[in-house]
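Hi everyone, thanks for making time for this. I'd like to walk you through one structure, piece by piece. Have a look at it first, and then we'll go.

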Amino acid sequence: MLGEGILKGLGETARNFVGSYVSAERLTTVQYPEERAPNIEATRDFPFLVYDGTDWEAGMRCVACQICEKECPPKCIYIVKSTDKKPDAFGKPQIYPARFDIDISVCMSCQICVEVCPFEAIKMDTEFELSTTDRFGDLLYDRKELSKSNEYYHRIHPTEAAEVDARLAEEKVKADAKAKAAAVAAAAKAAAPSVPNAVKPAVAAPEGDKQG
Ligand code: SF4
Ligand code: SF4
């Protein structure tokens, strides 16, 4: 029929127009700030430093390797290494950041710092309500302001945090096994009787040199 396609198109347009007012899954506008849409797990804004346990300073995973500082495209990370060591997540004495600053006003949320960190120490936050009138005083975050617990990480990125925990647990098992094997080998070496050179048996002559 002539014009059938046009009528179908108009019908579809009308259906979508009315649906945008009544269809629950299409009513996506929320009256912010009174209402807030929940963050999806992949939401990311600015980085934070993860710590284990309850003490942010003692539990910091960061070992001040400075890889993130070098790789950050706009160079908004500033790290000063400590001159002493503290145990890392595996109990191994490590350097830690005596200073770790991120200028949030310069950060472009690229997540490169997260991707290059070998210690699962820096992750992306979902907090976005950071506006302030003091650009330098309030947006230059120090290590204490950047530190958030592993529990917080689990709350905002549960799937990713669970994967990270599993990976760290696996690495810890391997590290413990390696340390145990090294300790056993060292103990065996220490317990072995030392034979003075003077009483060591002479090297046996090759078979072909033996007489009779
Ligand atoms: S998210 Fe990107 S810009 Fe921001 S601190 Fe990390 S590497 Fe730098
Ligand atoms: S956050 Fe990660 S990459 Fe950056 S200094 Fe700390 S351990 Fe190294």
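E5 and strand E7, residues 140-141, pair in the antiparallel sense over two bridges. If you want to find that spot on screen, look for Asp103, whose bridge partner in E7 is Leu140. Please keep in mind as we go that this is a predicted model.

Now, E5 has another neighbour. Strand E2, residues 77-81, pairs with E5, residues 97-103, also in the antiparallel sense, over five bridges. There, Val80 has Arg99 in E5 as its bridge partner. Put those pairings together and you get an open sheet of three strands in the order E2-E5-E7, with antiparallel pairing. Which strands sit at the edges? E2 and E7, each of which pairs on one side only. As a quick reminder, strands of a sheet pair through backbone hydrogen bonds, either parallel or antiparallel.

Let's move on to the other sheet I want to show you. This is an open sheet of three strands too, in the order E6-E1-E8, but here the pairing is mixed. Its edge strands are E6, 122-124, and E8, 147-149, and each of them pairs on one side only. From one strand to the next, the twist averages 50 degrees. Strand E1, residues 47-51, is joined to E6 by three bridges, and these two run antiparallel. A handy marker is Pro47, with Met124 as its bridge partner in E6.

E1 is also a good way into the core. The largest nonpolar core has 25 residues, and Leu49, Cys62 and Ile122 touch the most other members. E1 and E5 are the elements that give two or more residues to this core. Which one gives the most? That is E1, with four residues.

Two of those core names come back when we turn to the ligands. Around ligand 2 there are 13 residues, and the nearest are Cys62, Cys65, Cys68, Cys117 and Ile122. By class, that shell has 12 nonpolar residues, one polar and no charged ones. Ligand 1 has 14 residues around it, with Cys72, Cys107, Cys110, Ile112 and Cys113 coming nearest. Its shell holds 12 nonpolar and two polar residues, and again no charged ones.

Next, a charged side chain I'd like you to click on: Arg61, in the loop between helix H2, 56-59, and helix H3, 67-71. Is Arg61 buried or exposed? It is buried, because 22 other C-beta atoms lie within 10 Å, and the cut-off for buried is 20 or more.

From Arg61 we can step over to Lys174. These residues are 113 apart along the chain, and their C-alpha atoms are separated by 18 Å.

Last stop, helix H8, residues 158-191. Here's a check you can do in your head: at 1.5 Å a residue, the 34 residues should span 50 Å, and the end C-alpha atoms are 49 Å apart, so the two values agree. How many of the 34 residues in H8 are buried? The count is one, so to speak a helix that is hardly covered. For anyone scanning along it, an α-helix has 3.6 residues a turn, so residues three or four places apart point the same way.

That's my tour, and I'm happy to go back to any part of it.

Conventions:
Residues numbered from 1 in each chain as written. Chains lettered and ligands numbered in written order. Predicted model: local features only at pLDDT ≥ 70, side-chain atom pairs only at ≥ 80, totals over all residues. Near = placed C-beta within 6 Å. Nonpolar A, V, L, I, M, F, W, Y, C, P; charged D, E, K, R; others polar. Pairing = 2+ DSSP bridges. Expected span 1.5 Å × (residues − 1). Buried ≥ 20, exposed ≤ 12 C-beta atoms within 10 Å, placed from the backbone. Axes fitted to C-alpha atoms, helices over the stretch in contact; angles between N-to-C directions. Core = buried A, V, L, I, M, F, W, Y, C linked by C-beta atoms within 7 Å.
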